[in-house]
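Me: Could you take a close look at one helix for me, and set it in its surroundings as you go?

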Amino acid sequence: MINPKTWEPHETFDGPSLWGHDRLYMDEENRKRLRDMSLDAAARGVRAPLAGECPWLDSLVRQE
């Protein structure tokens, strides 16, 4: 849930999808560039959403 009164936007430069989406409509060169950005974010330990902030992700973690 987002509270419009307290929510603040922020800009990130960690690449496109942190979930692993592959944009098949793009040419291979651009897909590789975006994939490399995602892999770099993962190598630095960046992931979203953070555990404790996403009910769906938290439910999966509890099942493990």
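Reply: About 5,800 Å² of the protein is exposed, with 58% of that supplied by carbon and sulfur atoms (Shrake-Rupley areas, 1.4 Å probe; for residues, only the protein chains shown count as cover). This is a predicted model, in which local features need pLDDT of at least 70 and side-chain atom pairs pLDDT 80 or more, while totals for chains, interfaces and linings use all residues. Residues are numbered from 1 along each chain as its sequence is written, and side-chain values use heavy atoms, leaving out hydrogens and water.

The protein has two helices and zero strands (DSSP runs, H or I of at least four residues for helices and E of at least two for strands, numbered from the N terminus). Of its 64 residues, 14% count as buried (under 20% relative accessible area; exposed is over 50%, partly exposed in between, with a 1.4 Å probe and protein chains only).

Now to helix 1, residues 28-43. Just where it starts, a side-chain oxygen of Asp 27 comes to within 3.1 Å of the backbone nitrogen of Glu 29. The end C-alpha atoms of the helix lie 22 Å apart, which agrees with the 22 Å expected for 16 residues at 1.5 Å a residue (1.5 Å times one less than the number of residues).

Arg 31, Leu 34, Ser 38 and Ala 41 are the buried residues of helix 1. Viewed down the axis, they fall within an arc of 85°, so they line one face of the helix (the arc is that of the directions from the helix axis to the C-beta atoms). Turned away from that buried side is a face carrying the exposed residues Glu 29, Leu 39 and Ala 43. After helix 1 comes Gly 45, with a positive phi near 85°.

How values were computed: A polar contact is a pair of N or O atoms within 3.5 Å; within protein, one must be able to donate a hydrogen and the other to accept it, and residues adjacent in sequence count only if both atoms are side-chain atoms.
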